[in-house]
Amino acid sequence: MKNFFQRLKNHSKLAFFSFWFLVIFYIVSFLADILAPYHFDYQFRDKPYHPPTKIHFFDTQGNFHIRPFVYNTVVDDPVFRSYREDTSKIYPIKFFVDGPERKILFFFKTKKYLFGVDKPAGIFLFGTDTYGRDIFSRLLYGGRISLSISIAGVIISFTLGMITGGIAGYFGGIIDQILMRLVEILMVFPSFYLMLSLRAMFPLNLSSIQVYLLIVLILSLIGWAGLARIIRGMVLSIKEEDYVLAAKSLGLSHWRILIFHILPNTFSYTITALTISVPGYIIGEAALSLLGLGIQEPYPSWGNILSSTIGNLRVLGDAPWLLLAGFFIFVVLINFNLLGDALRNVLDPKNW
Amino acid sequence: MEYVLKIVNLAVSRRERTQLIPVLNDINFFVEKGELFCLVGESGSGKTTLALSIMRLLPKSFVVTSGEILLNGQNILNVNEQSIRSIRGKDISIIFQDPGAYLDPLFTVGVHLQEALHGTTEDKNQLITKTLKDVGLEPEIQLVYPHQISGGQQQRVMIAMALINNPSIIIADEPTTALDVLTTRQIINLLSKIREKYHPAIFFITHDLELAMSIGIRIGIMYKGHIVEIFRPDREKPLHPYSGILLGNIDKKYFNEKIPVSSQTDINDWCPFFEKCPEREQKCQKKIPFIWRDSLTGIRCIKHGRNHQM
């Protein structure tokens, strides 16, 4: 494992950075409920489309405060939703402030929040949305869903693709024919419409957990077919390799040869393909959520945070911070692509 | 004498679209216990096909059309897939030509040796260390990947894998072709040392007749899918014209052009060497059987074969 990091670092500094960037992203979104200053559905009814809060060190008299503070804001112009800072009172940013009780890490109930300010002021690092909910908190919670959907989806489609492609390629003949025709049936549907129709098969009033699992399943059911075909092709060529003949001459069984000698030799490709396909799942979830078929409000995902901007050009102009979800998708996507490219070389023993 | 491997009337063909093209014809020979039998022939003469058919690892396009392959008395052409798997690597093992390509690049040498081991009661690690020592490698090499060691070391690993179950016969399919002269010498010495220590029979396939003459107890000469001669290099000289050409003894200039071609028999049935034979005659235009000189040696040539019979 230590070797792996060293090799990744030697191979490409950029990919090494991407790797740790993604690790931090995943950790942060896993710890969303500890780090977020507000619960994802906590609303400031009087502060919709609030711009990111300004954090001050100097008050109006020019006095320096070691502890940064914010001002409460009041609506200046209700039509254009512009806010004005009320400088009469400062609200210092404090650690472990009290707030409404919520569960953290799925089990522990607590009223403490890692950081925040006293009411009625609010600290909105990335602004608020149309209901006055803190975008920063929602992005953290949303990352938990979007990032875990991609990993779960990748694992399922990877397993399905490996099994189907491996068996079809190695055993060939009628098995190959049947499996590949099945895969082709899946592939002839445009994947976006297949996704929509699969989603339409299920009722809309599912619980959020059910919807979550459903989306994982739908996305991986669409993703595995292409992978299976490519793995089949690779297995077809690898099974003619000399070391497979040598493995046979040792008296190994077909399954052992397939699982220990042929499939691992496809990893140099599949690992890369998988890392590159991760963004596809994030976007797939975003696409479903964007159409209102994915994760339902009030639960946040990067997709449905983004979807709240759809069809409202004024929002895009007046509250561009709502597009930050798109920026996060973009950043994760780029990092996965960079990492995927480097992984192929790093995981191949011939390059060690 | 006890036979480890006995091949009776083996014929193998390659399927090409609808027709069958013969690759091996009328193969009859045996390898005795602990013997070093060399098979010599040009590229394309069917040496590797023969080795693979003994392992029952022929590609799907090849079919065994007739014959028997008896390994320790058991016809391995009849046994099912499950039992052939337990025979492979245990009773019979094979060393291939290009050791680099025959080791899985993703696994260390140690994993390869673990895989080669068939169920054993002995301590596995101890057995692996002992076998590595037998082939002249340090135990530390277990942690190394195949591409990190030299071709000679890779071939030693292959030999260790072939040796580890103490098989009764090891097929060595041109094990030195990919190696340089010095390493070739080392590998040959290693094989003879192993033969002295564990007494496996070795079926050594090569295209180098001189090498075969220096190590083989008996040598089989192969031409176009036929074994044309089997002889003992320490007792007698090879007599078949093709063996002579291989050794460089016969002047190719003398070539009888004036033989009238008989149209009565199929050209495929003629002596396989007829077209290039410097000593060919009218009577060679027919099927020539393999004539055993004594119990160990023989020749497929009417001219020289008949002399021996008398």
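Colleague: Which side chain of opposite charge is nearest to A:Lys239, and how far away is it?

Modeller: This is a predicted model, in which local features need pLDDT of at least 70 and side-chain atom pairs count only at pLDDT 80 or more, while totals for chains, interfaces and linings use all residues. Residues are numbered from 1 along each chain as its sequence is written, chains are lettered from A and ligands numbered from 1 in the order in which they are written, and side-chain values use heavy atoms, with hydrogens and water left out. Lys and Arg count as positive and Asp and Glu as negative, His and the chain ends not being counted; a salt bridge is a side-chain nitrogen of Lys or Arg within 4 Å of a carboxyl oxygen of Asp or Glu. For A:Lys239 the nearest such side chain is A:Glu240, 5.1 Å away, and A:Lys239 has no salt bridge although buried (under 20% relative accessible area, 1.4 Å probe, protein chains only).

Colleague: Where is A:Lys239 found, and which residues does it touch?

Modeller: Helices are DSSP runs of H or I with at least four residues, and strands are runs of E with at least two, numbered from the N terminus. A:Lys239 lies in the loop between helix 7 (208-238) and helix 8 (242-249) of chain A, and, leaving aside residues up to four places away in sequence, A:Lys239 touches A:Gly169, A:Tyr170, A:Val244 and A:Ile262 (heavy atoms within 4.5 Å).

Colleague: How many bridges pair strand 4 and strand 5 of chain A?

Modeller: Two strands pair if DSSP finds at least two bridges between them; here 7 bridges join strand 4 (residues 94-104) and strand 5 (residues 108-116) of chain A in the antiparallel sense, with A:Asp98 opposite A:Lys112. These strands form a hairpin with 3 residues between them, and A:Leu105 in the turn has a positive phi of about 50°.

Key:
Buried means under 20% relative accessible area, exposed over 50%, partly exposed in between (1.4 Å probe, protein chains only).
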